[in-house]
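This report describes selected local features of one protein chain. Please look over the sequence and the structure first.

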Amino acid sequence: MTIAIVTDSTSDLSPQLCGQYGVRSVPLYVLFDGKMHKDGLEIRPAELFAGVRAGKKTPSTSQPSPAEFAAVYRESLESADEVLSIHISSQLSGTVGSAQLAAQEFGGRVTVIDSRTVSMGLGLRVIRAAELAREGRSMAEIVATLDKVAPDADLRFTVDTLDFLRINGRIGGGAALLGSLLNIKPLLVVQGGRVESGGRARGSKKALQELHAHTAGYIARHGGARAAFLYTAGGEAAAQELAAGLGGAAFENLGAHEIGAVVATHAGPGAYGVALEPPR
């Protein structure tokens, strides 16, 4: 029994990683500058940042259609017995709904999972599923393992500027202005499928320290971890510094990954963070 793994572009898995793990990724869309662009294929975050700062209309995003998912499922089932399709939190996007509608065409051969996370939080879940599928685990075993891991999974990040959170309505203009004047860096965490406040730090150095302490504590509590670091343009050095600061800890480093255009629309430039799961 072979199982194909499908995800979407908000997993922030590069084409190389998707190829390595045999994963199919369905792109979301970014509407920007009057055009609809496929995330990761037709637009990069740097283009969004430059355009917004030049005064262009705020980008918006949308999920793939059921027909797009159905096409990928159909192709996947030509060489696999079943498909496991794992996606961005339903609290953040309608992508899961599109995937579920598409799955109805395939008589139970497609299982859709709401990851209740995003970016490399989703990416780690997809990688684990792909590894288990290659080991020959059944659909029930893979789903049960992902369900067991989910409560202990953790995604935490910070943003360098509050402008993009303000532009997208995540915080008010007054809060953004005050935060900028005080050099406040929000610490954000994915909880219950949504992005919530995880605290705040005064300045970039303190934000990095907070993320380091949290990550080291997680690794200690779980006796190890799988970690994937994430960043937008301008945040790569901080992400690498965060990883390097954990040099003595017992964790599996799955690398640093650039956040795609859909998620970067909200995070803005200079964002970085870490996704964590218990070790395998």
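Helix α2 is followed by Gly-55, whose phi is positive, near 100°. Helices here are DSSP runs of H or I with at least four residues, strands are runs of E with at least two, and both are numbered from the N terminus. The structure is a predicted model, in which local features need pLDDT of at least 70 and side-chain atom pairs count only at pLDDT 80 or more, while totals for chains, interfaces and linings use all residues. Residues are numbered from 1 along each chain as its sequence is written, and side-chain values use heavy atoms, with hydrogens and water left out.

Within α2 (residues 45-53), the buried residues include Pro-45, Leu-48, Phe-49, Gly-51 and Val-52. Buried means under 20% relative accessible area, exposed means over 50%, and partly exposed lies in between (1.4 Å probe, protein chains only). An α-helix has 3.6 residues a turn, so residues three or four places apart point the same way.

**Positive phi outside glycine**

Most residues other than glycine have a negative phi. Asp-33 has a positive phi, near 55°, and lies in the loop between β3 (29-32) and β4 (35-38). Ser-119 also has a positive phi, of about 55°, although it is not a glycine. Ser-119 is found in helix α5 (residues 119-134).

**Accessibility of three residues**

The table lists relative accessible areas.

| Residue | Location | Relative accessible area |
|---|---|---|
| Ser-119 | helix α5 | 3%, buried |
| Glu-131 | helix α5 | 15%, buried |
| Ser-65 | loop between β5 (60-62) and α3 (66-76) | 27%, partly exposed |

Why does Glu-131 count as buried? Its relative accessibility is 15%, and the cut-off for buried is under 20%. Glu-131 touches Tyr-21, Arg-226 and Arg-280, not counting residues up to four places away in sequence. Contact means heavy atoms within 4.5 Å. The side chains of Glu-131 and Arg-226 are joined by a polar contact of 2.8 Å. A polar contact is a pair of N or O atoms within 3.5 Å; within protein, one must be able to donate a hydrogen and the other to accept it, and residues adjacent in sequence count only if both atoms are side-chain atoms.

Ser-65 and Gly-235 are 170 residues apart along the chain, and their C-alpha atoms are separated by 32 Å.

**Two helix pairs**

The axes of α3 and helix α4 (residues 95-103) come within 8 Å and cross at roughly 55°. That makes α3 oblique to α4. Axes are lines fitted to C-alpha atoms, for helices over the stretch in contact, and angles run from 0 to 180 degrees between N-to-C directions. Angles under 35 degrees count as roughly parallel, over 145 as roughly antiparallel, 65 to 115 as roughly perpendicular, and the rest as oblique.

In this pair, Pro-66, Phe-69, Ala-70 and Tyr-73 of α3 meet residues of α4, among them Thr-95, Ser-98 and Leu-101. By class, this contact of α3 with α4 has eight nonpolar, two polar and no charged residues. Ala, Val, Leu, Ile, Met, Phe, Trp, Tyr, Cys and Pro count as nonpolar, Asp, Glu, Lys and Arg as charged, and the others, Gly among them, as polar.

Helix α9 (residues 204-222) and helix α10 (residues 236-244) have axes that come within 10 Å and cross at roughly 40°. That makes α9 oblique to α10. The contact is made by Leu-208, Leu-211, His-212 and Thr-215 of α9 with Ala-238, Glu-241 and Leu-242 of α10. By class, the contact of α9 with α10 has four nonpolar, two polar and one charged residues.
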